[in-house]
Each structure stands twice: as C-alpha cells, then as structure tokens.
Amino acid sequence: MRYVYSLIRFVPDPARGEFVNVGAIVGSEASSEWQVRQVQNPVRARAIDEHGSLGAVWSFIDRVGFEIDDFEAATHSLFEPGVELTEEWLWRLHADHQNIVQLSAPAPMVAESADGALEQIFDLMVLDPAARKRSFTNKHTALAALRSAYSGLDITRGSELRERVTLETPHHTTRFDFAVANGRVVQLARAWSFQVPDQAALAEQVKAWGWTVQEAHSTGGRVRTATGEFDADNDIDIEVVYVPALPPQAAPAFVDAKHIFETLGVRAVPHDLADDVARRARKLLGPLPGQLRA
C-alpha cells in the first residue's frame, strides 16, 4: 500500500543547520491510517540542545498525536474530526515548520501497514530501537480495499461517495464508513476487523450497530453526511467488509457478528472481495454514460 512520510527533526540552531531526526509521521489517504512516533531515548537530541529548546519538539509531536487520535476516533464514532488528515495536511506541516522543529518534505513509500512503514523509517533514518510490532490487522485494511474498489468503478469521492456518515432511526444512531448516493442513498457500507484483541468490546459494537440496522429495515432512517442529509429507505443495501481472523486465533466476536449479519440479511465479505460491494453500488447508481446501450 502507498504511504507518505515526513521525518521530524530537531534543529536547535536553524542558521547552523545541524539536526537530529527524533520521530516520523506516516499515513495513507487510501486507508485513513495515520501514525506519529518519536524516539524513546533522545540522547542524541539532548547532546546538541544548547539552549534548552527540545521541549518545543515534544509539544509539536503531542499536538500532532492529538490530531491523529481525534481523526482515528472519528472512524469509530459519530463525530467529525477536528482536522482532516490528508497528504495536503502533511505538506502544510512541512511548510509551516521551518525553525527549531522541521519536517522533511513528504515522500511516498510502500509498506503493508503504518506500523510497518514506521519500522522501516526508524531502522533506516531515525535509528531508534523503539519500533513496536502490531500483532493484528486493523479495519484500515478493509477501508482501503473498499475505497479502492469504489474508485476503480468511478464512484466519485465527495459526490457519489460520502465518508464517515451516520444512520439515524427513531431510537438509534450508528456510524457507517461509506454512503453511496445519487440524490438518495443507495448503499451503506461498514468496515470491521475481527483480528482485534478485545473481542468482547468488538462484539458489543457490532450488536449495537445491528440494533440500528434492524430498525432501519423496519422504519427506514436518515443518513447524515458532512455535506447533506438523505432519506434511507427500509430496503437500502447495507454491506459489511471485514478483515477475517487468522487461525488459530479465537474470534468469538465474529461468531456473534456472523449470526447478526445473517439475521439482518446484511451481506458481509472479507476485504479481498471488496470489489463485489463496489459492483453492487455501481449497479444501484446506474451505468456510466459511456456504458449506456443504444
């Protein structure tokens, strides 16, 4: 997967130009996954900190961390992030910080995950032994697969495709990752990962989501996006794309979720079949103009 990264540099005397890499920011618009990491032992940075200005670096990293935390929380909640994290956002950070804190120009790289990207960066350019490995794949992999599938069928982000939407019914509200609409919503899609360690919490999240879907099937609902609202008919197409558990991992949440999906008549496919979801959305939207038959 394509990521972009910037190195975070401590430059105690910008006129002199001496610097130490103390961290990195890495992210992907495709998967909505962003991370920041700093060195655990800044001994090299302290060695050149003649004016006691290293604290400005940690304050900057904390602020970026809060923005990333807020953006990540928005993918699991009903709220919009305070700052939309994009490659443009990273370029702005690079342009705005040219003093004690500096960022290298964002550069592309290929990695399997943000954690994997940071491990490569720290091994080669930050030289800190603090890289920690994640033992599971999160929902960003499913998000990236579905976003790519929509794009591949010319379902346009921002017009036909809306992200981080909410479905409201008379008694419940829940989050969906995507809504496909052409004046009315024709498809809602949600991504899950069944590799997460806290299976009990995941099972509760799916159960709460299921209550809203069940009521929507009965009464219809209202889909709210950042740019508008749409009615949702009670027969709206609802899809799930998920990261499956890896054997021999126990995945009790998936057992519960599978029962909920089957009971509600919700299609659920692993992330490598995300194209199936996008094809159904394309069919519901109607063919592209060039695909119309004479």
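What percentage of the 294 residues in the protein is made up of buried residues? In this predicted model, the share is 49%. The chain forms eight helices and 12 strands. Its C-alpha atoms fill a box of roughly 65 × 50 × 35 Å along the principal axes. Contacts between residues with a separation of 6 or more were also sorted by sequence distance. Of these, 68% join residues 24 or more positions apart.

Glu163 is described next. This residue lies in strand 6, which spans residues 161-168. Its relative accessibility is 16%, so Glu163 counts as buried, the limit being under 20%. Two arginine side chains make polar contacts with the side chain of Glu163. That of Arg147 does so at 2.7 Å. That of Arg157 does so at 2.9 Å. With neighbours within four places in sequence left aside, Glu163 is in contact with Arg147, Arg157, Asp177 and Phe178.

Glu163 also takes part in the lining of a cavity. The structure holds one cavity of 30 Å³ or more. About 40 Å³ of space lies in the largest cavity. Its lining consists of Ser32, Thr75, Leu143, Arg147, Glu163, Arg164 and Asp177. Helix 5 (140-152) and strand 6 are the elements that give two or more residues to this lining. By residue type, the lining divides into four charged, two polar and one nonpolar. Arg147 and Asp177, both in this lining, are also among the contacts of Glu163.

Glu163 appears again in the lining of the second largest pocket. This pocket holds about 240 Å³ of space. Its lining includes Glu80 and Glu84. Also in the lining are Arg157, Gly158, Leu161, Arg162, Glu163 and Arg164. Thr225, Ala226 and Thr227 line the pocket as well. Strand 6 supplies the largest share of the lining, four residues. Six lining residues are charged, three are polar and two are nonpolar. Arg157, a polar-contact partner of Glu163, is part of this pocket lining. Arg164 is listed both for the pocket and for the largest cavity.

Aromatic side chains were examined next. A search of the whole structure finds eight aromatic pairs. One of them joins Phe194 and Tyr242 in an edge-to-face arrangement. The ring centres are 5.8 Å apart, with 75° between the planes. Phe194 sits in the loop between strand 8 (185-193) and helix 6 (199-219), and Tyr242 sits in strand 11 (residues 237-243), so the pair ties together parts that are 48 residues apart in sequence. Both Phe194 and Tyr242 are buried.

Trp209 and Phe261 form another edge-to-face pair. Here the centre-to-centre distance is 5.9 Å and the angle between the planes is 90°. Trp209 belongs to helix 6 and Phe261 to helix 7 (residues 252-264), so this pair ties together parts that are 52 residues apart in sequence. Trp209 has 0% relative accessibility and therefore counts as buried. Phe261 counts as buried because its relative accessibility is 3%. Trp209 and Phe261 also belong to one aromatic cluster with Phe176 and Trp192.

Two further residues were examined, one in a strand and one in a loop. Tyr5 lies in strand 1 (residues 2-10). This residue counts as buried because its relative accessibility is 14%. Leaving aside neighbours within four places in sequence, Tyr5 is in contact with Ile25, Val26, Leu90, Ala105, Pro106, Ala107, Pro108, Met109, Ile121 and Met125. Ile100 is 95 residues from Tyr5 along the chain, and 19 Å separates their C-alpha atoms.

Asn41 is found in the loop between strand 3 (33-38) and helix 1 (43-47). Its relative accessible area is 49%, so Asn41 is partly exposed. Asn41 and Val22 are 19 residues apart in sequence. In space, their C-alpha atoms are 9.3 Å apart.

Definitions and conventions: Residues are numbered from 1 along each chain as its sequence is written. This is a predicted model: local features need pLDDT of at least 70, side-chain atom pairs count only at pLDDT 80 or more; totals for chains, interfaces and linings use all residues. Side-chain values use heavy atoms; hydrogens and water are left out. Buried means under 20% relative accessible area, exposed over 50%, partly exposed in between (1.4 Å probe, protein chains only). A polar contact is a pair of N or O atoms within 3.5 Å; within protein, one must be able to donate a hydrogen and the other to accept it, and residues adjacent in sequence count only if both atoms are side-chain atoms. Contact means heavy atoms within 4.5 Å. On a 1 Å grid over the protein atoms alone, a cavity is a set of points where a 1.4 Å probe fits but cannot get out, and a pocket is an open set with protein on both sides within 12 Å along at least five of seven lines; lining residues have an atom within 4 Å of a point. Grid points are joined across faces, edges and corners, and a volume is the space filled by probe spheres set on the points. Ala, Val, Leu, Ile, Met, Phe, Trp, Tyr, Cys and Pro count as nonpolar, Asp, Glu, Lys and Arg as charged, and the others, Gly among them, as polar. Rings of Phe, Tyr and Trp (its six-membered ring) pair if their centres lie within 6.5 Å; planes under 30 degrees apart count as stacked, over 60 as edge-to-face and the rest as tilted.
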